[in-house]
Amino acid sequence: LYVDHPLAEGQPVPLSREEAHYLFGVMRLGQGAEVAVFNGQDGEWTARVAEAGKRGGSLEPVAQAAPQSLPPDVWLLFAPVKKARTDFIVEKAVEMGVRRLVPVATDFTNSERIRQDRLQAHAKEAAEQCGATFVPEVTELAKLPALLSDWPEERRLMFCDEARAGGAGAFASATGDGPWAILVGPEGGFSEAERSRLDAMPQAHVAALGPRILRADTAAVAALTLWQTRFGD
Ligand code: SAM
């Protein structure tokens with residue numbers, strides 16, 4: 001269970017109505033039951049139910065079960081697509097391990113509006129489900145030109161582009177340690193202006209993910225898999 005509270009011995013964790021409903025209504029836990037909790041900072045803790053009520057309750061952290069871990073330093077930059085597919089991108093990226101999720105508005109982005117709070121909640125749920133102790137931040141929607149003009153010098157960028165033959169070779173030749181980001185475009189792909197802008201960046205490495213055009217959500221998972229194979233833990 002994700003809790004928005006520090007985890008330490010002797011510091012009871014108050015439970016919200018929703019958390020109480022989940023633990024005592026859905027999971028049917030009672031007083032004294034043990035539950036695994038994390039807050040994205042203090043690792044995973046075993047906590048005991050100290051108070052179980054319909055509208056709330058509290059947990060007592062007993063012992064740290066696992067130290068805080070950090071996924072490899074790769075960000076996923078993705079153009080929001082339809083709601084269910086965007087949710088899928090967030091969920092799979094958390095499972096695969098990313099440090100940050102950055103929704104980007106591109107020239108051909110299908111959807112200019114995102115509910116950042118909803119996507120962040122989705123990232124938390126995905127972390128709970130896959131046993132991660134880290135929840136990547138989902139940032140507000142960023143405009144691609146602004147993002148690139150302020151791009152950190154040391155962060156390499158895996159630019160996924162279905163229009164480029166032989167791109168996988170370019171990515172395969174990238175070596176060395178250091179932070180990365182993966183950029184996946186919208187269903188409409190990238191504009192020529194965006195391609196020229198990205199090609200001019202020394203940090204950008206083009207990646208082709210095979211001869212067929214993948215949907216944006218598939219491309220995100222394929223690119224993360226490729227990146228994890230080469231550079232992940
Ligand atoms: N506009 C394109 C078209 O209709 O021809 C398709 C874009 S694709 C559905 C969405 C995004 O997934 C692309 O912008 C790219 O980032 C990524 N992508 C899909 N297939 C890919 C491939 N074979 N290699 C590299 N990237 C791919």
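Okay, quick one to start: which residue in E4 stands opposite valine 13? It's leucine 59. Keep that pair in your heads, and we'll come back to the sheet around it in a minute.

First, the overall picture. This is a predicted model, so please take what I say in that spirit. The protein chain has 233 residues, and 33% of them are buried. In secondary structure we get seven helices and 11 strands. The C-alpha trace spans about 60 × 35 × 30 Å along its principal axes. And if you take contacts between residues at least 6 apart in sequence, 75% of them join residues at least 24 apart.

Right, back to the sheet. Four strands make an open, antiparallel sheet, and the order is E1-E4-E3-E2. Why do E1 and E2 each have a side without a neighbour in the sheet? Because E1, residues 13-15, and E2, residues 34-38, stand at the edges, each with a single partner strand. On average, neighbouring strands here are turned by 40° against each other, direction ignored.

Let's walk across the pairings. E1 and E4 are joined antiparallel over three bridges, and that's where valine 13 faces leucine 59. Next, E4 and E3 share eight bridges, again antiparallel, with alanine 47 and proline 61 as one pair of bridge partners. Those two strands form a hairpin with four residues between them. Then E3, residues 44-52, runs antiparallel to E2 over five bridges, and alanine 36 sits opposite threonine 46 there.

While we're in E3, have a look at alanine 50. Is it buried or exposed? Somewhere between: it has 14 C-beta neighbours inside 10 Å, so it counts as partly exposed. Beyond four places in sequence, alanine 50 is in contact with Pro12, Ser58, Leu59 and Glu60. So Leu59 turns up again. For a sense of scale, alanine 50 and glutamate 137 are 31 Å apart, C-alpha to C-alpha, and 87 residues apart in sequence.

Now, what lies across this sheet? Helix H1, residues 17-26, lies across E1, E2, E3 and E4, and runs at about 85° to E1. In the loop between H1 and E2 you'll find arginine 28. Most residues other than glycine have a negative phi. Arginine 28 isn't a glycine, yet its phi is positive, about 60°. It's also exposed, because just 8 other C-beta atoms lie within 10 Å, and the cut-off for exposed is 12 or fewer.

Moving along to H2, residues 83-96. This helix has 14 residues and reaches 20 Å from first C-alpha to last, close to the 20 Å expected at 1.5 Å a residue. Its buried residues are Thr86, Ile89, Val90, Ala93, Val94 and Met96. In general, an α-helix has 3.6 residues a turn, so residues three or four places apart point the same way. What do the buried residues of H2 pack against? Strands E5, E6 and E7, plus helices H3 and H7. After H2 comes glycine 97, with a positive phi near 95°.

Last stop, the ligand. There are 18 residues around it, and the closest are Cys160, Glu162, Gly185, Gly189 and Ala219. By class, that shell has 10 nonpolar, four polar and four charged residues. That's my tour, thanks.

Methods. Residues numbered from 1 in each chain as written. Predicted model: local features only at pLDDT ≥ 70, side-chain atom pairs only at ≥ 80, totals over all residues. Buried ≥ 20, exposed ≤ 12 C-beta atoms within 10 Å, placed from the backbone. Contact = placed C-beta atoms within 7 Å. Near = placed C-beta within 6 Å. Nonpolar A, V, L, I, M, F, W, Y, C, P; charged D, E, K, R; others polar. Pairing = 2+ DSSP bridges. Axes fitted to C-alpha atoms, helices over the stretch in contact; angles between N-to-C directions. Expected span 1.5 Å × (residues − 1).
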